[in-house]
Structures are given as C-alpha cells and as structure tokens.
Amino acid sequence: MERAALVRCLPCSSVLCRRYLRRSHACFSIPSSSLRPSLPRRRSSRLFPSSSSSPLYFRNRRHFSSLSPRPVLSSSPSPGFLEVKDEIARQLGFEKLSEEFLPECKSKAVLFRHIKTGAQVMSVSNDDDNKVFGIVFRTPPKDSTGIPHILEHSVLCGSRKYPLKEPFVELLKGSLNTFLNAFTYPDRTCYPVASTNTKDFYNLVDVYLDAVFFPRCIEDFQIFQQEGWHFELNDPSEEITYKGVVFNEMKGVYSQPDNILGRAAQQALFPDTTYGVDSGGDPRVIPNLTFEEFKEFHRKYYHPSNSRIWFYGDDDPNERLRVLSEYLDLFDSSVAPDESRVEPQRLFSKPVRIVETYPAGEGGDLKKKHMICLNWLLSEKPLDLETELRLGFLNHLLLGTPASPLRKILLESRLGDAIVGGGVEDELLQPQFSIGMKGVSADDICKVEELVISTLKKLADEGFDTDAIEASMNTIEFSLRENNTGSFPRGLSLMLQSIGKWIYDLNPFEPLKYEKPLQDLKSRIAKEGSKSVFSPLIEKFILSNPHQVTVEMQPDPEKATREEATEKQILQKVKASMTTEDLAELTRATHELRLKQETPDPPEALKTVPSLSLQDIPKEPIRVPTEVGDIDGVKVLQHDLFTNDVLYTEIVFNMSSLKQELLPLVPLFCQSLLEMGTKDLTFVQLNQLIGRKTGGISVYPFTSSVRGKEDPCSHMIVRGKAMAGRIEDLYDLVNSVLQDVQFTDQQRFKQFVSQSKARMENRLRGSGHGIAAVRMDAKLNAAGWMSEKMTGLSYLEFLRTLEERVDQDWADLSSSLEEIRKSVFSKQGCLINVTADGNNLANTGKVVSKFVDMLPTGSPIATTTWNVRLPLTNEAIVVPTQVNYVGKAANIYDTGYQLNGSAYVISKYISNTWLWDRVRVSGGAYGGFCDFDTHSGVFSFLSYRDPNLLKTLDVYDGTGDFLRELQIDDDTLTKAIIGTIGDVDAYQLPDAKGYSSMLRYILGITEEERQRRREEILSTSLKDFKHFMDAMEAIKDKGVVVAVASPEDIEAANKSRPDFFQVKKAL
C-alpha cells in the first residue's frame, strides 16, 4: 500500500553469499520506488539462485514498490500435479520428450517438442502461485549495430492482435504482473512475464507471443527509428542529431569505464565468434544498421523452430500447450536452429594484451586512474556439471567474501582501489575467468599482474585452509536450499539457469539439479582433500592456459570530447550532402515521427489489450501475521510464516543520538564491523565463522521521513539468517560483531575508503539519476540530508578528504568509530524482528532474551536535532558522459496537498503516459519517470540516460497542463487502478514479508491506514487527477533541479538560461 520505505535503506557490507553476477551491458530496469538502481554484479556460476543474470540489456520499465506481500511456494508439492496425457499432447501438436521430478525445487518438469516446428517447451508444475512464462530465441549478431537489442525493444511496440503503439506500456498500466520485461544477451533474447493471477498471466502470455511472432515493427519504419536510431532535424537551419532509445541507452553504457573494460575483454577473448561483437550495439556503429537488415534478422531468428519456451507455476499444464498451439501451428519448420548455432572460440596458443582508453574527467591524478584485468577463456567446449560445480566453489573460495585470499591479497596490496572482474563466468557457451583492479597507478600495472599470478600459484601449491572450505560449503549450500531470489520470481531464476544449457542444445534439466553433484563434491573433498579437488583447476584452467587476454585501460580526459566532435563531424557531412529538398523532407519526417509518438492510441486499439476488472481485485490489503511482544524492555516483533526451517532476524538500533559530524562515517563503520577482527579473532576467522554457522550477517543504516513529523526516522539495522539449529550461533555472532570488533586496523580501513570512493565514482557515471534524486531530497527534508551524507555527492567528497585523514589522524578516526558504536548500540530504543515458522519462533525466546541481556544498557546521548538541508538551489553535477540524468522535485505537502491513495494511481499514470511518451519515446531517453515519497511529501521527476537537459525540464513543467487537458474513459481509469494495485501488492518471499511489516511498524503505518489507502486507490476518479494538477504546478514554480550531465550540455543550458545552474564538478 504505502510507498516502500526501502528508499533510504543503504546496505553497506554483507557476509551474505556474494553472488558475483556476470558483467552487464546495461543497467537494470529502473525501479520507481528507490530511484537508485544498481548495476548487476557479476556472478560465478549457476550454483547460486540469482535475482539477475549474465550480460544483458533490460527493456526499461518501472513499478511502484510496496511493503505488501503475496504468497510463496509451499513446503512440499501437491500430492498430484495436473498432468498432460500423451494423447492430449498429440492432439495439441506436441510430443513428450522427457519428464523428471525435481526435488530441489519441488517441481515436476516435462520437456515437450512441437511436432510441426520443433519448438521445445519446458513445462514446470508446482505449488508456486507466482507463475512464469518465457520465450527465448538464439540471436547471435554478426556486427555491433545492436540488431538483437533494438529488436528486443521494437517487437513490444504493437503487433497483429494488439495494433497500438506499445502494448508493453498498456500492460504496465493495467496488469497485476510480478515481472514484465525483456532482455538481450550476447547470443539470445528473452521475453519473460510473471503474475500470481491466472487470468492476468495468460493475458500477458498472449500479448508476448503475438509480439514476438507478429510484430508491427517489421512493417513500420518509424518504430525502428524510434527504438533504434534516426536523424533528427527540427528545422533546416539547425544541426542534425542522432536520436533513438537504444542509441542513447548505449551512449550511457559506453560512458562507464567498467562497461568499456568488460566489452574489451569479452571481444578480445572471443575474436572469432559472435561474442566478438556487441549485441547491445556500439553507438559508433548503430547508425550503420538498415531497416532491411533489421527485418531480415527477425525473419531469420524469431521463429518457433529457433525458440525455447518455459512455463512454471501452479496453472494447468494443458492450458499452456493449448495457448502455444494457437501460435506455433501457424508456422512450418525452419532452418533457423542451424543458422543460429553459436560456434565455439578456438583456444589461443599464446596470450594477448590490449590497451584501451576510457573517458575521464580533467584534473586529479590521472596516473592513478588506470585499470588492469586478466582474463582467461577456460575451455573450448562446455564443461561437465561436476567440473562446473568445482569451478563455482573455487570462485567463491578465491573471491566470494572479504576474507577470500585472492580478493583479500589484491585489496591489501594497496596497488588499486577496487576489484574488477569477478572470477568465473559460465553463462555463455564457454566459461571465462576475469580478475583485476581499478584505481591503479600506471607504474603499478605490472605489479598487479604479477600479484594475481603469484597468489594463484601459491594457492595451487598450498591449497585452502579447512575453515575456508567449510565456510564456502555452508554459504553455498545455504543459498541453494534457501532459494531466495528476492523480488525476482523463483520460476524466472530457474528459467535463466536452465536456458544457460538449453540454448546450446544441452540438457535443460541438468542446471536445476544440484543435490547429487553437491553431495558427490562433499564426499570427494572428504575423501581426497580439498587441495586435490581445487588445485588442479587453478593449474589447468588458469596458470597453464595460454588463452589469456590482459586488458589495460588508460584514462583519457579528451576521449568524451573527441567522440562528440567526431559524431558532429559525421552529422555535418550528412547535412552537407543533402539538398534543400532533402533537408525539408527530413524536417517533415522528424515532425511526423514526433506527432505519431505524442498522439494517443485510439480507444478501439486500447480495448484490444486484455485486462482484468475491478471485481478481480481483492478489497483488502495482504496482511502479514505480526505479534508484538517485549523482552526486558526491548520490543520484539514475530512473524509466523513458513520459511523452510530458516530463521530471519533484524536487530534495529536508534541512530538519532548520533552527532551530525559522524554521519558520513556510518557506512564505513558498518563495513568495519564485518571486516575487522575482534580481540580473539582475525577478520578472516570472524568472516569464516559467520560463513560456517549462518546464512549471513549484514549491517546498514536506514533513514526515512515520517509523515506528519519534522524529525526523521534513523536507524542502524543488523540483519542475519540461519538454519533453525543455528539460531543461538547467529545471535552470538551478531553480539560479537556489535561489541567485540576492534577498530584498530588502519590499513584495512584505508582499503574501505578506497573501495567506497571507487564505487561512488562508478555510481555517478552509471546511476546519475540516483545521485540526483538523493541530492534533491537533501534540499527538501532532513532524512534526505542524512541519506545524502551517506550515499550522495557529499559522501564522495567526504571520502576524498578522508583518504588523507586516515594517514594523518587515525587515532581520532578510530575513536570516532568507537563513539558511533557507543551512541547507537544500546538496549534503549532497540527493536528485534524475527520471521520463522511457529515452532522455531517458540524456540527463539530464550536465545533472544540472552542476546538482549548482553546489550549495553547505558543511556544514549541526548537526541540530535536533524533540522538541516542543503541550499535550495539548482545544481548541475559535471561528469564525463555522453548522456544526462535530469531531476526536478518539490515537497507537495508544503504546497497544501494532503495524501490520498489516488496519488499512487496518478503518479504511475503520469510515468507511463506523459513521461514515457515525451521523455523516452519522443525525447530519446532510456527512461523517464516520477516518484512520490508519501513519507516526506517529495514528488520527483527523473530521467535516465537522457540526450536532453532543458527539453526534459520543459516536459516536467508541462505535467500540470497534461493533467488539465486529460480526459480518461472508464476502461483507462480501471487499468490504471489495477496496475497500481499490482504494484502495491508486490510479490514477496517470507523474509521480505517480515521485514516489510517491521518497517511499517517503525514508520507508524497501521493496518487501518493501509486499508484506507487501498479504498482510496480503488475509488480514484478523474476528479482526483484534476485536483493533483495544483501539486504539479507547484513543482513547476517552486521545484529544485539537479542534473548529472556532461560539461557541454551544462554549458549550453546556462547559456540558454543564464545562471540557471550552480555548477559542481564531480569527476
């Protein structure tokens, strides 16, 4: 119901199983609730349930986050799942190839083949009501024009049965989906959907099937122009520019050093295969793509014969085949599977070294901004499951935790600021291993290379200690059995794991079965010893492997300017080659495309998109069982939920007594708790102990405004999880972390500062909208100011000065860390949250009581007054980038607006209509959206990878006029309401349910208020939209602007509107 208070939940450090997600081409889809999407990390192997996956491009979408849960997978499968009888399958045109029961995910999986086309279908049945469908095509590109990526965007822009501009957006507006997106890998394109509502689910399936097989984009050149690229000329006297959603998305990608490094490494490792080009598109090459090539790519690869289709959940498997047969029967067999087959890269006979440059800001010590990464292609053929499993464990041993030796030794060397690479990557045809550092001095490049090799040699010779093996084994096994995929549907996580083999014509069941291989590996380690299991892998696949590519990245402060100049020269030549008639025609085409983009779909087209009715929507919010108790003055919340014998806990401490000047140290304090040692344990021993005994511990600050109160809510949260038999170990270790850790390791703390600085600089380039959002919040409320001090530009500035302080004044810093501990960790104001099933909850009482008794009881320092803000001025934050991130915000409570549930509907509608059409579709940005923080009253507009700056602000300022002129029919309004409820009732796993209920308790959100807001959402009317117009006009007149942008665009903006921005150089 209410907006997720997770908006300012700032995880800083965790010993939870690190999932090294693979190198990403682009940012995740943009969530509206947090406005701070992070880049997918790299992950090692299919060992770990994942909330993301391999190198991919996501179609941009947004959703309103919520603290309300949905049901999840039950403890055991139904006594009998519905089955598809062989004769029924044949009648529908399918034959059964194989079937298995998968105890790991309590599912029955059946592999079918469509007889006429050869399309393969995996039908997975279980009790999970979060149903998942996905269709995947092998789409290997031959060049870097970005055809797969542009096509992925374009097929969702209207189809045979749904002839409107973007059925995808209509589904966003009016569906209960729990996942709706599409993404592009280097060799495949995936179209997944998910929903807990069966009718809604099959609506989504039908729209997606029609989209991929019968899209309008292969006939409509303007869709290709909009999503891919086109020349834009508003007036013959102006300069021609490039526009296109994918074109601008990839400009943003190619502005980030880590992404440039990743691309260079992949293309150098695979020079002779499809992986040697960029499936997402190189902005310098995208304009070479023709419409004819685009159409031919669809004809060739988007065919049932070239598809892999996945169903998962508690729906009828007979209905799955019936729906598919309606589409697949329309096609004959194709040779596409032969043409799309991915060929392996032959292994090199000797290593290769390449040097690339990346755009860097002017000023600063560029000599210390180099990057170096060592990469190996591990095998010419796909590996067997046993070897893959061993490599996954090896990767975790090497890099999986702060105590892992390769990671630890590299960071302790002080040769660089942070790790790049991430170890084993195995979701392409051939596995790779990558490791290196960034923030390296030019003189130290060779030293990093030598250190990587010498460390690996030493580990191969000496092996890993027993505690490290046990910690990794417990961490990985816990992760596998817990199967916690966060907000990502479990069925989709399994699909992506299965596809990783299936797409290469290998066994799709194999990646879903870990139990026997895991037990075999444990037995082998026990019998032969870990050294004989892992050392040969290091020797064979890395040390003795000649297929090595070393990539050195050098900073180039002129690169961004040079590339912009080159692009302008190309466009000037294009214009010079045109006649007067050509220019007039291009101007006409530009206006014609914009008119089409900004013209609403006719009502008859909108009615073709299937939707639910309000009668399908529950009238009450989903409630989480919550029992509030008290142990020795400490509030204890308990949530009786099935958790598969895992206990989840949060210990929440009040941070309001902290001195303001200590606030920027809090993230580093949290990291220090988990990555420094105690009197009796080194940090490695402590880390391994946590890995051996628990599922992980994390510590982070949480801040939020509280509606109706001036003072912010500020807490430090310690999260942990363990199997029920380890509950006492978990609380003992949390106590040790809180009270016994010593802040004495100066060099480790200096590492934390360098890592944090590198992370923040990367965030500025890749997630500038998050930096802009938190900066605007800091100008508008105290909670925002606190958050900005710990996560924003102010934090980066603090880190830069802190590096020197660590050397000059370590005693004072160490004392400050100790003062934070004394100010925060106290029994007074503490709250404990526990989520588990009833029996395990009953057994936690004594353990929690013992933990509470050990908490300090001294009175905390007097509460600090947080009545602080940043100056209310427009700011432009300068970074070396080819795209911009543009924000504008105001506190609409200050303008007189009083919260009504209709605001959720209205803000979602504004994002999915006005901003989508004007900022993304017409403006060419990768994303444009708004967000309303109902706790603080701050309403924010934001854009993502945006070619514009002032034009985007003009769109924001036009929102009031948009609402003034808006006319909504009943169907459109109903869709908007249903889509909002879908976001409000967001799917959650048990740990998230308990956590969300705790946040509602902390923020004072009652069940009565949740019910009232839901009723207001369901009764939203056109009158509410008109009433909201005044709030939008107030943002236009009084809103504050923050943009993270290129120096050229900021200079042009201040020239057009003198002194509009105060300029702040960040990189």
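**Exercise 1. Describe how strand β18 is joined to β19, and place β19 in its surroundings.**

Solution. Step 1: β18 (residues 627–631) and β19 run antiparallel and are joined by five bridges. The model is a predicted one, and the exercises below are worked on it.

Step 2: Across this pairing, Asp630 stands opposite Lys635 in β19.

Step 3: The hairpin of β18 and β19 has two residues between the strands, and Asp632 in this hairpin takes a positive phi near 55°.

Step 4: β19 (residues 634–640) also pairs with strand β23 (residues 831–836), in the parallel sense and over six bridges. In this pairing Val636 stands opposite Ile832 of β23.

Step 5: Count the buried residues, where buried means under 20% relative accessible area. Five of the seven residues of β19 are buried, so the strand is largely enclosed by the rest of the structure.

**Exercise 2. Work out how helix α21 is oriented to helix α28 and which residues meet.**

Solution. Step 1: Two packed helices are described by the angle between their axes and the distance between the axes. For α21 (residues 666–675) and α28 (residues 810–824), the axes come within 10 Å and cross at roughly 85°.

Step 2: Angles of 65 to 115 degrees count as roughly perpendicular. α21 is therefore roughly perpendicular to α28.

Step 3: From α21, Val666, Phe669 and Leu673 meet Leu817, Ile820 and Arg821 of α28. By class, this contact has five nonpolar residues, one charged residue and no polar ones.

**Exercise 3. Do the same for helices α14 and α16.**

Solution. Step 1: α14 (residues 466–482) packs against α16 (residues 515–528) at an angle of about 170°, and the axes are 12 Å apart.

Step 2: Angles over 145 degrees count as roughly antiparallel, and α14 and α16 are therefore roughly antiparallel to each other.

Step 3: The contact uses Ile469, Met473, Glu477, Leu480 and Arg481 of α14, with Glu515, Leu518, Gln519, Lys522 and Ile525 of α16. These residues divide into five nonpolar, one polar and four charged.

**Exercise 4. Find the edge strands of the sheet with the order β26-β27-β25-β28-β24-β29.**

Solution. Step 1: This is an open sheet of six strands with mixed pairing.

Step 2: β26 (927–933) and β29 (1062–1065) each have a single partner strand, so one side of each is left without a neighbour in the sheet, and these two stand at the edges.

Step 3: β26 pairs with β27 (residues 938–944) in the antiparallel sense over seven bridges. One of the bridge partners is given by Gly927, which is matched with Tyr944 in β27.

Step 4: Helix α37 (residues 1022–1038) lies across β25 (885–891), β27 and β28 (1040–1045), and runs at about 65° to β27.

**Exercise 5. Locate the largest nonpolar core and examine the contacts of Phe749.**

Solution. Step 1: In soluble globular proteins, nonpolar side chains tend to be buried together. The largest nonpolar core here has 92 residues.

Step 2: Met716, Tyr731, Phe749, Leu764 and Ile832 have the most contacts inside this core.

Step 3: Leaving out residues up to four places away in sequence, Phe749 touches Leu665, Leu668, Ser672, Met676, Leu802, Val806, Trp810, Leu813 and Leu817.

Step 4: Another core, of 73 residues, lies apart from the largest one; among its residues are Val84, Ala89, Ala182 and Phe291.

Note on methods: Residues are numbered from 1 along each chain as its sequence is written. This is a predicted model: local features need pLDDT of at least 70, side-chain atom pairs count only at pLDDT 80 or more; totals for chains, interfaces and linings use all residues. Side-chain values use heavy atoms; hydrogens and water are left out. Axes are lines fitted to C-alpha atoms, for helices over the stretch in contact, and angles run from 0 to 180 degrees between N-to-C directions. Helices (H or I, at least four residues) and strands (E, at least two) are DSSP runs, numbered from the N terminus. Angles under 35 degrees count as roughly parallel, over 145 as roughly antiparallel, 65 to 115 as roughly perpendicular and the rest as oblique. Contact means heavy atoms within 4.5 Å. Ala, Val, Leu, Ile, Met, Phe, Trp, Tyr, Cys and Pro count as nonpolar, Asp, Glu, Lys and Arg as charged, and the others, Gly among them, as polar. Two strands pair if DSSP finds at least two bridges between them. A nonpolar core is a set of buried Ala, Val, Leu, Ile, Met, Phe, Trp, Tyr and Cys residues joined through side-chain atoms within 4.5 Å. Buried means under 20% relative accessible area, exposed over 50%, partly exposed in between (1.4 Å probe, protein chains only).
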